[in-house]
Every structure is written in structure tokens, then in C-alpha cells.
Amino acid sequence: MNVIIIEDEKPAARRLNRMLAALDIEVQTMLHSVEESLNWFQNNEHPDLIFLDIQLSDGLSFEIFEEIEVKSAIIFTTAYDEYALKAFKLNSIDYLLKPIDEDELKIAVDKFKENQPKQTDLQVNIDDIRKLLINPVDRKFKKRFTIKIGQHIKIIHVDEIECFYSENKATYIQTNANRSYLIDHSLEHWQEQLDPEQFFRVNRTFIVHINAIKDIISYTNSRLQLKLHTYSDSEIIVSRERVKDFKNWIE
């Protein structure tokens, strides 16, 4: 059986590789981003099975399927919350919740061996799940943040936020009052909790609020540059692979 792993967290990828080896399954390769995966699929024979993380370092893994017709079965690996899991159950797609359990991994592999899905069925399920994950019907998104400043706790509502950004391995909120605040967790963590109608991950470093955009400028290599109302510390560039989704978002 020809198997690959697509996972941006390299320790998690190596752990899954060892677990599969214990089941006598040899992993052909391990990929760590949307861009790396696209390049690989364009130049290699597609595997029988992919273990696929949903959130990669440079975007959602669904972006791979928008560019390439992947002819492989997929077992998703995810740290997503209960709303995402409902979407998987609804579409009968197999998933493994991180950290992956050895027994659950064996069950998923055995299930694949017994019921190898057809490519047509796979594509329909991916489309349905993508819609549910990005905009689940009953999801409650984060409305406010609390920031500790000395002995005080400041409340910041999401409509006061221009953008989230990462810098020197830390994550910050920039408000429309031109103030920045250090917050816990990564951009990936907060991206899952923000309303996708209001916020968009434009690249690895920035998540922007729709109302914060002052200007949109054509940039090199089919990219876009954003100007926000107050933030000006560094350029905000919509990465090339996200321009299409960004244009759909602003419409």
C-alpha cells in the first residue's frame, strides 16, 4: 500500500510515521505545506492513501484539491473542535483526532482496506466537508478577548480588531485605536475561532478584519498588497495561493 503523510508539525508527522511502521505500512514521503504538496502531486504518482492534516502552515489542505485532482483516499488528522467533527460524521469521512491513538489508527487503516472509496465519492465528500468546516451552521465564534495589562484586565471586542499578526514567534492583536497587545496561542489557534465572514488569513503572518482594509493594491506575482487604517509596521501581502479566496471573501 502506497501511503504519504501531509502534516505541518514535523514531530507529529514522525510520530505517525512510526505508528504506521508498527502496522507494517511504509510511508513513501512526508509533506509539510500546501505548496510542497502541490509540487509533489504534480510530479509523482498519487498514493493509495493520504493522512492529511486540515490546517497546514500555509493554509487549509483543501487548497490542494482546488489545484490538483488528487486520486487518493484520505484519512484526515485534525485537532478541530466538535463542530468540525460533526461535519466528518455527517459525510462518513474517516478522521483521527490528535494526538492520534494507536488503536484508532489501526481501525482507520483496516476500514480503508475493507472499503476503498472511489475517487468520485471522495471529491463530493471533500467539497461538502470544506463548506461545513469553513462556515458551520451552528458555530459560535469568539466575540471578545481579555488582555492583562499590569493589574488590569482589558476587554477587546472583535469589531475593535484590525488584524492578528505573528512576530518573533509571538502573536499580537492590533486594534483600530492603533494599539498592539500580546496574546496567547498561535494564529492557527485563533483562526479556528474567528468568524470567517469578518476575518481572513491572508498569509502565514496576518489575519485581517474586513472593516480594517483601507486599500487593496496589485502586487508582484499576481499577489495583492493591503493597506489597513492604522497598522503600518510591515507590508501585508495576500499570498498568491490565497488571492482567489480573498477576492471571493471581500465580495
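This report describes selected strands, a pocket, aromatic pairs and individual residues of the structure. The model is predicted, and the values below are computed from it.

## Parallel strands

Strand 1 covers residues 3–6. Its side chains point in two directions: Val3 and Ile5 face one way, Ile4 and Ile6 face the other, and all are buried. In a regular strand the side chains alternate between the two faces of the sheet.

Strand 1 pairs with strand 2, residues 27–31, in the parallel sense, and 4 bridges join them. Within this pairing, Ile5 stands opposite Met30 of strand 2. Between these two strands the chain passes through helix 1, residues 10–22, and the resulting β-α-β crossover is right-handed.

Strand 1 also runs parallel to strand 3, residues 49–53, with 4 bridges between the two. Here Ile5 has Phe51 of strand 3 as its bridge partner. Ile5 therefore has a partner in strand 2 as well as in strand 3, namely Met30 and Phe51, and is buried under the cut-off of 20% relative accessible area.

Strand 3 in turn is joined to strand 6 by 5 bridges, and these strands run parallel. Leu49 has Ala73 of strand 6 as its bridge partner. Strand 6, residues 73–78, is mostly covered, with 6 of its 6 residues buried. Both of its faces are covered: one side carries Ala73, Ile75 and Thr77, the other Ile74, Phe76 and Thr78. A further parallel pairing, of 3 bridges, links strand 6 to strand 7, residues 95–97. In strand 7, Leu96 is the bridge partner of Thr77.

The parallel pairings described above are collected in the following table.

| Strands | Bridges | Example of partners |
|---|---|---|
| Strand 1 and strand 2 | 4 bridges | Ile5 and Met30 |
| Strand 1 and strand 3 | 4 bridges | Ile5 and Phe51 |
| Strand 3 and strand 6 | 5 bridges | Leu49 and Ala73 |
| Strand 6 and strand 7 | 3 bridges | Thr77 and Leu96 |

## The second largest pocket

Rolling a probe the size of a water molecule over the atoms shows where empty space is left. The second largest pocket has a volume of about 510 Å³. Its lining consists of 18 residues, and those nearest the centre are Glu35, Leu38, Arg240, Glu241 and Arg242. Helix 2 (34–43), helix 3 (62–67) and helix 8 (243–250) are the elements that give two or more residues to this lining. Helix 2 gives the most, with 5 residues. By residue class, the lining of the second largest pocket comprises 12 charged, 4 polar and 2 nonpolar residues.

## Aromatic pairs

A pair of aromatic rings is described by the distance of the centres and the angle of the planes. The structure holds 11 aromatic pairs. One of them joins Phe145 and Trp190 in an edge-to-face arrangement, with 4.9 Å from centre to centre and 70° between the planes. This pair links distant parts of the chain, since Phe145 belongs to strand 8 (residues 144–149) and Trp190 to helix 7 (residues 187–191), 45 residues apart. Phe145 counts as buried because its relative accessibility is 3%, and Trp190 counts as buried because its relative accessibility is 8%. Ring pairs also connect Phe145 and Trp190 with Phe164 and Phe199 in a cluster.

## Individual residues

Most residues other than glycine have a negative phi, and most peptide bonds are trans. Asn178 has a positive phi, near 65°. Asn178 is found in the loop between strand 11 (170–175) and strand 12 (180–183). With a relative accessible area of 48%, Asn178 is partly exposed.

Ser222, likewise not a glycine, has a positive phi of about 65°. Ser222 lies in the loop that connects strand 15 (213–218) and strand 16 (224–228). Ser222 counts as exposed because its relative accessibility is 58%, and the cut-off for exposed is over 50%.

His209 is placed in strand 14, residues 206–209. Is this residue buried or exposed? His209 counts as buried, because its relative accessibility is 4%. His209 and Glu162 are 47 residues apart in sequence, yet their C-alpha atoms are 5.3 Å apart in space.

Definitions and conventions: Residues are numbered from 1 along each chain as its sequence is written. This is a predicted model: local features need pLDDT of at least 70, side-chain atom pairs count only at pLDDT 80 or more; totals for chains, interfaces and linings use all residues. Side-chain values use heavy atoms; hydrogens and water are left out. Buried means under 20% relative accessible area, exposed over 50%, partly exposed in between (1.4 Å probe, protein chains only). Two strands pair if DSSP finds at least two bridges between them. A crossover is right-handed if, with the strands pointing away from the viewer, the path from the first strand over the helix to the second runs clockwise. On a 1 Å grid over the protein atoms alone, a cavity is a set of points where a 1.4 Å probe fits but cannot get out, and a pocket is an open set with protein on both sides within 12 Å along at least five of seven lines; lining residues have an atom within 4 Å of a point. Grid points are joined across faces, edges and corners, and a volume is the space filled by probe spheres set on the points. Ala, Val, Leu, Ile, Met, Phe, Trp, Tyr, Cys and Pro count as nonpolar, Asp, Glu, Lys and Arg as charged, and the others, Gly among them, as polar. Rings of Phe, Tyr and Trp (its six-membered ring) pair if their centres lie within 6.5 Å; planes under 30 degrees apart count as stacked, over 60 as edge-to-face and the rest as tilted.
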